[in-house]
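This report is written for a reader who has not seen this structure before. Please look over the sequence and the model before reading on.

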Amino acid sequence: MTPRPSSAPSRIDLHTHSTASDGTLTPAELVRAAADAGLDVVAITDHDTTAGWEPARRALPPGLTLIRGAEISCLWNGVRPGVSLHLLAYLFDPDFPALAAELARVRASREVRGERIVELLRADGIEVSWTEIHTAAAGGSVGRPHIAAALIRAGLVATTTEAFGPQWLGNRYRVAKDDIDVFRAVELVRAAGGVPVLAHPRATRRGRIVPDELIVELAEAGLAGLEADHEDHSPAEREHVRALADRLGLIVTGSSDFHGTHKTVRLGAHTTSPQAYERIVAQAGGVTSVASG
């Protein structure tokens, strides 16, 4: 591993997932992999849960700083049907009652959604087992990648990407869950001392996106930043996000959205500048970053 400078961190990845949600590395394995990838800072941002925070902290390798966060499932109700959004929340108080209650509600909705997808698959003669999927999640926040893994094990698809295609979980067997209104999510994250950043806001390859006018309103409501450098953004989409963030005075981040073997993207494939990272830390009032000596 290349020696790291003693000054400000230079390799910062602010969006990763562990087995606490739908990644394939445990939190401990994730932070060790982050160190092996030459990162100075890594954020653990599992879907709608903080369950990975403590095991990641305990396993933190020397020289690596951990940012504790979550990727919150949100919905914009300005159109019908509503548009799904993901809000990265950094350094918030996990015990803030209103936010903790909403995250628990969304996790319960994930379970209901997962069971319903399995019912639809089985109704079409596709032999997958909810018990097996739930067991494989090992207590993590259940997501569609867990169902995709069951489809792969059954030999029905070859990859997670194929499983997320329109013939499978992307459309035919897609079921909505009960997400948090995005304005409410921004409000709660700020109230919990956290810093909210909109994940991959222009990723048209993921489906519908929200208009820039909504992001203007979210910025007025407390949104802190936009994730620009992401695997699912084209070069033009990245530039659009950067220009919008610059116009609104928002922080610009970049990150891998690492999920282990569920995706091909590697840790540190996209990174956040030290200046943007420092702005996030400066705004936070929930929990602090954790550094290992």
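The text below covers a pair of helices, an enclosed helix, the nonpolar cores and one loop residue. The model is predicted.

**Helices α3 and α7**

Two packed helices are described by the angle between their axes and the distance between the axes. Helix α3 spans residues 97-123 and helix α7 spans residues 182-191; their axes come within 8 Å and cross at roughly 135 degrees. Because angles over 145 degrees count as roughly antiparallel and 65 to 115 as roughly perpendicular, this crossing makes α3 oblique to α7. The handedness of the crossing is left-handed. On the α3 side the contact involves A98, L99 and E102, and on the α7 side R184, L188 and V189. Sorted by class, this contact has 4 nonpolar and 2 charged residues, with no polar ones.

**Helix α5**

Is helix α5 buried or exposed? Of the 10 residues in α5 (residues 144-153), 8 are buried, so the helix is largely enclosed by the rest of the structure. The buried residues are R144, P145, H146, I147, A148, A149, A150 and L151. They pack against α3, α4 (130-137) and α6. Just after α5 comes G155, with a positive phi of about 75 degrees.

**Nonpolar cores**

The two cores described here are listed in the table.

| Core | Size | Residues named |
|---|---|---|
| Largest nonpolar core | 65 residues | I72, L87, Y90 and L226, those with the most contacts inside it |
| Another core, apart from the largest | 19 residues | V118, L121, L151 and L169, among others |

Y90, one of the residues with the most contacts inside the largest core, can be followed further. Leaving aside neighbours within four places in sequence, Y90 is in contact with L14, A43, T45, I67, R68, G69, G194, V195, V197 and I280. L151, one of the buried residues of α5, is among the members of the 19-residue core.

**R174 in its loop**

Where is R174 found? R174 sits in the loop between α6 (160-163) and β5 (180-181). Its relative accessible area is 45%, so R174 is partly exposed. Not counting residues up to four places away in sequence, R174 touches R144, W168 and L169. Of these, R144 is a buried residue of α5, and L169 belongs to the core of 19 residues. R68, a contact of Y90, lies elsewhere: R174 and R68 are 106 residues apart in sequence and 30 Å apart in space, C-alpha to C-alpha.

Key. Residues numbered from 1 in each chain as written. Predicted model: local features only at pLDDT ≥ 70, side-chain atom pairs only at ≥ 80, totals over all residues. Heavy atoms only, no water. Axes fitted to C-alpha atoms, helices over the stretch in contact; angles between N-to-C directions. Helix = DSSP H or I, 4+ residues; strand = E, 2+ residues; numbered from the N terminus. Parallel < 35°, antiparallel > 145°, perpendicular 65-115°, else oblique. Left-handed = near helix turned anticlockwise from the far one by under 90°. Contact = heavy atoms within 4.5 Å. Nonpolar A, V, L, I, M, F, W, Y, C, P; charged D, E, K, R; others polar. Core = buried A, V, L, I, M, F, W, Y, C linked by side-chain atoms within 4.5 Å. Buried < 20%, exposed > 50% of the residue type's maximum accessible area, 1.4 Å probe, protein only.
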